[in-house]
Amino acid sequence: MRASNLIVLVLLGTIGCTKKPEPKTLLSQWEKQIVFDSTVERKLASSTNNLCLNDIFTVETLKDEVRALESKYANSPRVEGYWKHLDLSRLAVPQANFLKKFGEAIGDRTNPDAIDYSRCYDVPCIFNKIYNKEEHVAGYVHYLWYLKFGHMLSADNEVPVHNKTPGIYNGKRFKLSDYLYADHELYSLWRLSLMLKAPHTTLSKMKEIQKIPRGEKFEPLAYKSSCGLAYSSGWILMTDDCIRIDEKNPDKGSFYWSLTHELNHQIDFQEGDLIYKAPYRSHQKDYLDVSGLTFVEYRNEAGEVVKEWKLKEGRKLVSSYAGTNAQENFAESLAIFRVEGDVSHSKMDKDHLTFVSRNYYQERFFDTSSQLKGWATATESESSKLALNVILDCSKNPSSGKSNYFQKSDFTNPPANQILNCLSYHASDIAERIRAKVMISEPESCQTFANKKYKEDFNQLLKAQLANSFQKYINELDKDKGYIARYQKFQKQLDNKNIGREAFIACYGEKEEQQCYEKEVALKISELANSLLLPESQIMEMSGQYLSRYPYYQTNNETFDYYQSFISSQQDLIFRQADDLWERCLQMSHNDIDPPQGTHFTIGEGYMISSLYNCINRQIPSYIQSVVRDLTIDRLKVEHPKEEVILTEQVRPEFNFRLQDHYIARKKNEYQEAVRVAKAELEITKKTLVSSFHWIKNALDLNKVTADCQIEATRLVNFQPLFHLKKDLFKGFAEYSCSKITESPEFKKWIEGSEDLLSGKLFKGLENNVLLLATAHAKTCVEKYPVDNLFTRIRYILKRDACLFDEWPKIEARVIEDALKDPVITKFKVSRSELEDSLSSSRAELQRQVTKEQFKGFTNFLF
Amino acid sequence: MKPFSIFLLILVAACGAKTSSVKYGKTTVADLIQEKGEPTKKEAIPIKGSSILYFSDTESYQIKDDIVTNGFITPQKEERSLLYWKHHFKDCQTVLKKLPRKADSHGPQEYELSCPEEGRSIIYSEGSEFISRIVEYESK
């Protein structure tokens, strides 16, 4: 052990002795109630053959997995309510939650009673009825998908976003079975669910993965060539092209890459939304830097805003499609990284690989070499435990069957021949068992081990690992006979995931979370090791062992997974609080004056009147806080401040999901109500519009008259929407009310009258105004330059005229300025130059008139 | 000035969508540089006599023949919300246009929602609640 590490440990030990005990967490309380189950262990116990994942894809395996996942909810509060004949309080909590959340969106949407579910008492059975099958893998795969991912793998005949008419797509009618998955596709979905972890499994805004009818392309023209689509509103749509599986080897096929690619889009949307308040995470500078993408944005000659993506010189692209833009680069790189690890290593730059691994795959890599090492490391703790038992057995009874699995050269301090043979005999069996376990727990292992070289490489890794464990125990036993007994006690602590979880929670939100986690684990391990009187020299090694078994990213994932399950078990409480907030805010009187503020609750592309939006956003934090503080397990409430932060983050998506459900339902109702109002008010609106044309702002451009009319028609509707912009909601109504309004007799009559008004009243009026001002000014000129006798009349004649004529342009300008404010001038868009031209043509006549009247006619002869 | 008036002024400045001091269609490159400082980068675009000047990660300007024609601004704070802009443009006769995209792209369609009388547009993606860019230009 390095001296510096020892100092850190001693320091940590000192802090550990003096610091206050950490407050209890709900998580540890909850975990006490969960009985762990291991499908894999049971499978191994019943099998000695080398099975692959595909061999254990049976109802029995899936049922075991369901049972293990449902065990987390064993003591959760029951869900009240009914789904058809089912009393939800009698169902496992996640099943009840599923039916409450998605119960209306499954099966035959053309007729919800078309399928007889009356003999079903659980969710897998309900899904199997949709498939028209009994006790089949389909029901379990669909339900497991929900348990693992929190959203629905759809089994219904409505394609969201594209076509809301169930059973119809691309204008054709389809059977429900056309929307469902074949058995080999169900296997692939299950396999993929074993390949992905958080953040793929924690997409809180995801709603459904929907397959479109078999053999069809996407309905919108723009997407005819696409095989999968991801919508930020939480949908993934897949065509057959995206779920292609190699029928001979269902571990191969474009399906794995395609669905992972679409899920990556959802990560991009969700992180963009929740972390960066932006449409995409991938457009953030750190991702652009590692991917090597840049863009230039400009308005082209057609007036369109264009965003052109480029790859920096010398940078790699994982595929040509990854060069389309940052969001495709993100989806593509993360998918190929996971599904084709060897390809990603040759086609992605190192900093890009590291970024993807660290942020999206728990610091794992999936090239063959890394996977082999990863699988070996993951089994290290188990092989070490089994090795310890072998050491104990062989030291008591060294005789065994013959084996040359180990040679003396495999050890730095080789044991006696008889012991070596005993260890060899058992080690070979352990290695076989571990490899068999890896083959049914690591989705890619069977394919990898089909290659003899890789299989041998893995065997060598296991062998070295076992030799290392044996050597360590042999060395320690030489020094201290009581070591093994104490070490066995410590081994039990290694199974305690709570050490890692408590460390993770304590470090949550700290600047260097991972370093903090590792320090906390070391501290906790040293406390344990001290109590077992284990040599100090082994403490670091033990915390190292613990960290290799429960590394930061794994604990992070598992902890969030647990919290997510816990929150999901409290769905009823969360929904009740969300309902209360919604109703309270809805009951207020509403207006759209203030700008919408806050992003706790958001509504996608939609609209909401600002008073309602602001009410919800203002109050969400206190509502969520109250939900979190009401969460109890065995009368224990939240005590740990960091746990409160984590729970708040976990409750928010569920809370918002419920609010969004209300929003969508109310929006739909409002639309229907608006249709009713529009029908009722159409005739009266049309009449009102042609009864007065005061609403016209520009009478000379008929398109603008129509636009003004539509604004007025919308204003006239006596309906204040809360969930739409009024102009959007009544767009069709306004267009219909104002269609051909410029051809109506009322409009023609009004325009003729207005033209008379313009030419008569307006231009005559302008001249009159000039005359009035000029006459007033002429009087001041006469005061300065009198006309009281012939002498003064002649003497001042030039000055008097200059006094008036010099002022004339200013008089005309004043009259024009005033005229431009006249609504008629505005309405007919008469320009300043038109007014100037009009006055210019009458100027000489007007001047003659003023001088004649005000200067007594003596000037006449001078002109 | 009374403190209340100062408060009101600050409030108006803080709550209103900020308008640029750049007069699109009139401001020259020299004027722009005087106001923003030296650009960090200049990039050519495939329009004759045009280029883009970058002043930070959040601001760039399109230039044509020495005149600033468009500004591309990364939204900040509440301006990132699409709802904020829908509310801001509610009395404007807005125009919604699809942005051109590559034929094989299967991501969400991007849109430009513009208010010509204000000389501003926003760019957003189908289904998203946040906008990616504010585009400024000469108002009509």
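Me: How much surface does chain B expose, and what do carbon and sulfur atoms supply?

Reply: Chain B exposes about 7300 Å², and carbon and sulfur atoms supply 56% of it. These areas come from the Shrake-Rupley method with a 1.4 Å probe, and for residues only the protein chains shown count as cover. Before we go on: this is a predicted model, where local features need pLDDT of at least 70 and side-chain atom pairs count only at pLDDT 80 or more, while totals for chains, interfaces and linings use all residues. Residues are numbered from 1 along each chain as its sequence is written, chains are lettered from A and ligands numbered from 1 in the order in which they are written, and side-chain values use heavy atoms, with hydrogens and water left out.

Me: Why is chain A called more spread out than a compact globule?

Reply: Chain A has 34 helices and 10 strands (DSSP runs numbered from the N terminus: H or I of at least four residues for helices, E of at least two for strands). Its radius of gyration, taken over C-alpha atoms, is 40 Å, while the globule rule (2.2 Å times the number of residues to the power 0.38) gives 29 Å for 863 residues. The value is well over the rule, so chain A counts as more spread out. As for the box, the C-alpha atoms of chain A fill roughly 150 × 70 × 55 Å along the principal axes.

Me: What makes helix H5 of chain A "mostly covered"?

Reply: Buried means under 20% relative accessible area, exposed means over 50%, and partly exposed lies in between (1.4 Å probe, protein chains only). Nine of the 10 residues in H5(A), residues 93–102, are buried. Among them are A:Val93, A:Phe98, A:Leu99 and even A:Lys101. Over the 863 residues of chain A, buried ones make up 54%; for the 140 residues of chain B it's 48%.

Me: How do you know what share of the contacts in chain B joins residues at least 24 apart?

Reply: A contact means heavy atoms within 4.5 Å. Take the chain B contacts between residues at least 6 apart in sequence: 38% join residues at least 24 apart. In chain A, 69% of the contacts with a separation of 6 or more come from residues 24 or more positions apart.

Me: Why do strands E2 and E3 of chain B count as a pair?

Reply: Two strands pair if DSSP finds at least two bridges between them. E2(B), residues 50–56, and E3(B) have six bridges, so they pass, in the antiparallel sense. B:Leu53 has B:Tyr61 as its bridge partner, and a hairpin joins the two strands through two residues. E3(B) also pairs antiparallel with E4(B), residues 67–73, over six bridges; there B:Gln62 stands opposite B:Asn70. In the hairpin of E3(B) and E4(B), B:Asp65 takes a positive phi near 45°.

Me: What makes E3 and E7 of chain A edge strands?

Reply: Each of them pairs on one side only. They belong to an open sheet of four strands, ordered E3-E6-E8-E7, with mixed pairing. Inside that order, four bridges join E6(A) to E8(A), which run parallel, with A:Ile209 opposite A:Ile236.

Me: How many bridges join E9 and E10 of chain A, and in which sense do they run?

Reply: Seven bridges join E9(A) to E10(A), residues 305–311, and the strands run antiparallel. They form a hairpin with five residues between them, and A:Gly303 in the turn has a positive phi of about 85°. A:Glu297 stands opposite A:Lys307. E9(A) is mostly covered too, with five of its seven residues buried.
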